[in-house]
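Let's take a friendly walk through a protein, one piece at a time. Keep the picture open beside you as you read.

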Amino acid sequence: MSGCQSILNQDQSNPLDNHNENQALIDVASANEINQALLVDEAIDVIHPIADGNVDLGKSAEEDYLSNDVWQRIRSNLELSIPDNPRIASQRAWFLKHPSYLNRVAKRAEPFLYYIVEALEANNIPVEIALLPIVESAFDPFAYSHGRASGMWQFVPGTGKRFGMKQNWWYDGRRDVVASTEGAIQYLQYLHKFFDGDWMLALAAYNSGEGRVRRAVRSNKKKNLPTDFWSLDLPKETREYVPKLLALADIVKRSDEFKIKLLKIDNNSVISRVNIGSQLDLAKAAQLAKLTLTELQRLNPGFNRWATDPDGPHYLLLPNHKIADFKIGLAKLSKKERLAWQRYQIKSGDSLGKIAQKFNTEIALIKQVNNVKGNQIRAGKFLLIPVATASLDSYLLSQDQRLAKTQNKVVAGEKRIHIVKSGDTLWDLSRSYKVSTRSIAKWNGMAPRDTIKPGQKLVIWQKTAVNTTAKNSLTPSEQAIMRNITYRVRKGDSFARIADKFNVSITDIERWNSLNRKKYLQPGQMLKLSVDVTNNI
């Protein structure tokens, strides 16, 4: 699992590398690298593509600030020691300075926190871990990072699969609250055992990977130095990650002392998992549950499309007070009524792929419904196609609509649409359009290391050409925000790699530092760079 994130101001956070992903593989300058060099504490990496919203949990407004709630349950069962440590004090000070942030996160956590606490206690995991999604994603199941991490617990694809999170066109278990929580518990149990029962080391490894933490422990052993978390030479992100969690635990523990009012979250189940048996259109499910479609999707963020996965999981999370009516309505639906259907006559030139794309469905589902064995279809014949009940733009939190929202965000400059051709790479496109690979990834809801496919539509923003006759017009260099930074060379860095990372030229690096590209860079060496932060962040 990779991409665990440290949450900072405005739900933005450090680009951390973790869970079996090697930081040296990141090919683009992160905002964290730039901001660290500028001695700024906050950085941008975790993306929250969906605005906050309420879900009807059957709770009255006057219940918001009672004391007998799940926070009290957590407060009464804290296990991890919280030392008097400047790293913890620094993180605690930030959270205390931003109480509105804590309330916003608590509102996101409200449907899920009781379930998570129950699951942790059932598996003998410290209840403090229930606060880890605050550090990871600000409790946002739709959060994603440019390190390819996704979901409330921020799993990268490989580690998600390793711990049981199914991922396909229809569904991504990394965003499913149940599947990802179960996976996080399994991974934490593995790490706890791997580090002989040391939760501090297990948490550090959840952030940066067990290999990196083990190397740090072995290095200290060779030097006859202590091997506890606080003594290890770990990446800055990881050294801040565990203190963030402990700072949050301390705030929950001493909320009265700190005069912090945490939004009440009932110490009772407010949602339950309901077996639906087979594929179901999410719009129909919402109607049966008397929820808005967006409310249903907020509780079930694992589903990428307009319906549940035909191959499962066949369950939905629903508010408890809505379940009875939902079950009654579901029982009345015939199998064919679970989805909408369209009879389609195959045209000359059609393929299963084209038809699937036209109706926003999957080839395998069309073949299954129509008992098609191969990939050959004949013009004039008819196919029965399962289609969305509502218009596709009604499914606001589907993968397609989240991507559309991301691509439609207005950025300074001129918007271009690039249709990916065979052989295209993000690297090639970044050079062609003179933008960074990280920027292209950000504009298109991707990670810089994601592969792109022929036919894929990419949005690219370029600085507009200068109108020399326009009053007060700015040249690109005047529009840029330049900052002089100091960059510490990492193992595996080269002139070319650093140049690409910060969108500068090798010649500039040589000139700024009186260096020759023929000489090798040494890890730890400090380089002076002049960076346009509008093009890198």
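**From a hidden helix outwards**

Helix 9, made of residues 199-208, has ten of its ten residues buried, so this helix is largely enclosed by the rest of the structure. Bear in mind that you are looking at a predicted model. The buried residues of helix 9 include Trp199, Leu203, Tyr206 and also Asn207 and Ser208. What covers them? Among the elements over the buried residues of helix 9 are helix 6 (132-137), helix 8, helix 10 (210-222) and helix 11.

Now step back for the whole view. The protein has 23 helices and twelve strands, and 52% of its 537 residues count as buried. Its accessible surface comes to about 25,000 Å², and carbon and sulfur atoms hold 49% of that area. Among contacts with a separation of 6 or more, 72% are between residues 24 or more positions apart.

Let's go back inside. Which residues of the largest nonpolar core touch the most other members? In this core of 101 residues, they are Leu113, Tyr206 and Phe326. Helix 11 (residues 236-253) gives the most to this core, with nine residues. There is also a second, separate core of 14 residues, and Tyr433, Leu458, Val459 and Trp461 are included in it.

Phe326 is a good place to pause. Leaving aside residues up to four places away in sequence, Phe326 touches Val274, Ile276, Leu280, Ala285, Leu288, Ala289, Leu316 and Leu318. Two of those names, Leu316 and Leu318, lead us to strand 6. Five of the five residues of strand 6 are buried, so this strand is largely enclosed by the rest of the structure. In a regular strand, side chains alternate between the two faces of the sheet. Here, Tyr315, Leu317 and Pro319 point one way from strand 6, whereas Leu316 and Leu318 point the other way, and all are buried. Strand 6 has a partner too: strand 5 (residues 271-275) pairs with it in the antiparallel sense over five bridges. Across this pairing, Val274 stands opposite Leu316.

Next, look at the aromatic rings. The whole structure holds 13 aromatic pairs. The ring centres of Tyr171 and Phe303 are 5.5 Å apart and their planes meet at 50 degrees, so this pair is tilted. The two rings link distant parts of the chain, 132 residues apart: Tyr171 sits in the loop between helix 7 (157-162) and helix 8 (177-194), and Phe303 in the loop between helix 13 (293-299) and strand 6 (315-319). Are these rings buried or exposed? Buried means under 20% relative accessible area, so Tyr171 at 3% counts as buried, and so does Phe303 at 4%.

Another pair, Phe229 and Trp230, is edge-to-face, with 5.0 Å from centre to centre and 75 degrees between the planes. Phe229 is buried at 1% relative accessibility, but Trp230, at 22%, counts as partly exposed. Rings can also gather in groups: Phe163, Tyr187, Tyr190, Phe194, Phe195 and Tyr206 form one aromatic cluster. Tyr206 brings us back to helix 9, where this residue is buried.

Finally, look for arginines above rings. Arg343 lies over the face of Phe382, at 3.7 Å from the ring centre. Arg431 lies over the face of Trp427, at 5.0 Å from the ring centre.

Key:
Residues are numbered from 1 along each chain as its sequence is written. This is a predicted model: local features need pLDDT of at least 70, side-chain atom pairs count only at pLDDT 80 or more; totals for chains, interfaces and linings use all residues. Side-chain values use heavy atoms; hydrogens and water are left out. Rings of Phe, Tyr and Trp (its six-membered ring) pair if their centres lie within 6.5 Å; planes under 30 degrees apart count as stacked, over 60 as edge-to-face and the rest as tilted. Helices (H or I, at least four residues) and strands (E, at least two) are DSSP runs, numbered from the N terminus. Buried means under 20% relative accessible area, exposed over 50%, partly exposed in between (1.4 Å probe, protein chains only). A charge sits over a ring if NZ of Lys or CZ of Arg is within 6 Å of the ring centre and within 35 degrees of the ring normal. Contact means heavy atoms within 4.5 Å. Accessible areas come from the Shrake-Rupley method with a 1.4 Å probe; for residues, only the protein chains shown count as cover. Two strands pair if DSSP finds at least two bridges between them. A nonpolar core is a set of buried Ala, Val, Leu, Ile, Met, Phe, Trp, Tyr and Cys residues joined through side-chain atoms within 4.5 Å.
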